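Biologist: I'm new to this one, so could you take me through a single part of it slowly? I'd like a close look at the surroundings of the ligand, and at whatever packs against them.

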Amino acid sequence: MTDDGEYYGSPESVAAMKRSAALWSLVRDDPRFAFYGRLVGLSQPVENTAEVIGALARLQGGSPCYFFPKSEVPALFSELDRNGLSTDRHEHFFGDETAYTAAKGVLSDYCLPSDLSVQRLDDATPGRFVADAVALMESCGVMPVPAAYLRGRQGRGLCLVATDGDDKPVAVATSIFMHPAGGPHAKTVFWGMLATRPDRRGQKIALILGAQAIVHMWEQEGARGFMTGVRQDNVSSAALCNRLGVADTEWTYAVCVDPQTLGRKSVTK
Ligand SMILES: CC(C)(COP(=O)(O)OP(=O)(O)OC[C@H]1O[C@@H](n2cnc3c(N)ncnc32)[C@H](O)[C@@H]1OP(=O)(O)O)[C@@H](O)C(=O)NCCC(=O)NCCS
């Protein structure tokens with residue numbers, strides 16, 4: 001893992017996120033685009049979706065289009081393929097008040113194991129601890145976003161980390177605003193990057209951390225929608241999302257990848 005200032009991850013991921021940050025500095029006022037520190041993407045489909053995410057992928061390495069209808073994926077992917085680009089998809093899970101209600105229920109029914117405590121990353125968090133949390137995400141196949149987003153300094157959001165008695169991260173959950181203010185999805189936030197250390201799985205740790213993130217974003221930040229991308233074969237993640245009122249929809253995250261620029265064929269788990 002590279003520890004490059006505020007960027008963590010594999011060298012390919014760090015390079016991609018630096019390109020994305022540079023691009024975001026130029027296009028952040030364009031209401032077509034969404035961003036939470038990873039890759040600039042389309043907030044929702046536009047008339048020339050293939051052209052736009054193709055261009056974004058060539059610049060960054062990859063680019064998603066959120067809220068993309070599942071039924072239209074074959075045509076979109078054929079067009080991107082004809083243009084010499086690769087494709088990938090995550091199912092677009094979403095929850096609104098269902099998520100808030102389910103999260104409140106989880107927090108009233110369950111407690112974290114007694115040896116764990118929860119920290120929210122912020123500017124005062126030592127870089128070493130952020131690096132440990134990021135290492136946990138990466139070991140679980142989850143691509144972290146830059147530390148400035150995890151610390152809540154950029155992008156308005158939070159990253160919660162459950163730690164054990166040795167002050168080592170055991171699990172992580174993140175939620176960040178991402179869509180253009182004033183647009184139809186302004187109050188819908190990214191929620192996810194859930195990761196639990198393998199030796200602590202099955203103890204409802206991700207369930208509780210994920211619920212805490214939802215309740216915080218709803219009550220303190222005014223979030224009213226929670227979205228996350230789940231691979232079709234990720235049974236544990238889908239089940240966890242469903243337990244928290246975040247369920248599959250008619251949409252996908254339709255992702256365009258330029259492997260030559262990104263250095264690999266998929267962005268994240
Ligand atoms: C997904 C992950 C975060 C779950 O962590 P966890 O702390 O073990 O999960 P919890 O104990 O809180 O489980 C909560 C719920 O998730 C579901 N779940 C968790 N693990 C599961 C499994 N292996 N199979 C089926 N369902 C599972 C269950 O519904 C469970 O609720 P239940 O115990 O009441 O049935 C963990 O497996 C992980 O880190 N996976 C790799 C990274 C990843 O895929 N992240 C998601 C990216 S979107």
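Modeller: Happy to. A residue counts as near the ligand here if its C-beta atom, placed from the backbone, lies within 6 Å of it. Keep in mind that this is a predicted model. With that cut-off, 25 residues surround the ligand. The closest are Arg 201, Ala 206, Leu 207, Ser 236 and Leu 240.

So what sort of residues make up that shell? By class, the shell around the ligand has 12 nonpolar residues, nine polar ones and four charged ones.

Next, where do they come from? Four elements each supply at least two residues of the shell: strand 10 (188–196), helix 7 (205–221), strand 11 (225–230) and helix 8 (235–243). Helix 8 gives the most, with six residues.

Let's stay with helix 7 for a bit, since there's another helix to meet there. Helix 4, which covers residues 97–109, packs with helix 7 at an angle of about 130°, and their axes are 8 Å apart. Angles from 115 to 145 degrees fall in the oblique class, and helix 4 and helix 7 are therefore oblique to each other. As for handedness, helix 4 passes helix 7 in a left-handed crossing. On the helix 4 side, the contact is made by Ala 99, Tyr 100, Ala 103, Lys 104, Val 106 and Leu 107. Helix 7 brings Leu 207, Ile 208, Ala 211, Gln 212, Ile 214, Val 215 and Trp 218. Sort the residues of this contact by class and you get 11 nonpolar, one polar and one charged. Leu 207 is worth a second look: it is listed among the residues closest to the ligand, and it also takes part in the contact with helix 4.

For another helix pair to set beside that one, try helix 2 (residues 49–60) and helix 3 (residues 73–82). Their axes come within 10 Å and cross at roughly 50°, and the two helices are therefore oblique to each other. Helix 2 passes helix 3 in a right-handed crossing. Here Thr 49, Ala 50 and Gly 54 in helix 2 meet Leu 76, Glu 79 and Leu 80 in helix 3. The residues of that contact divide into three nonpolar, two polar and one charged.

Now zoom out to the chain these pieces belong to. Its secondary structure comes to nine helices and 12 strands. The radius of gyration is 18 Å, close to the 18 Å that the globule rule gives for 269 residues, so the chain is as compact as a globular protein of that length. Along its principal axes, the C-alpha trace spans about 55 × 40 × 35 Å.

Conventions. Residues numbered from 1 in each chain as written. Predicted model: local features only at pLDDT ≥ 70, side-chain atom pairs only at ≥ 80, totals over all residues. Nonpolar A, V, L, I, M, F, W, Y, C, P; charged D, E, K, R; others polar. Axes fitted to C-alpha atoms, helices over the stretch in contact; angles between N-to-C directions. Parallel < 35°, antiparallel > 145°, perpendicular 65-115°, else oblique. Left-handed = near helix turned anticlockwise from the far one by under 90°. Contact = placed C-beta atoms within 7 Å. Rg over C-alpha atoms; globule rule 2.2 N^0.38 Å.
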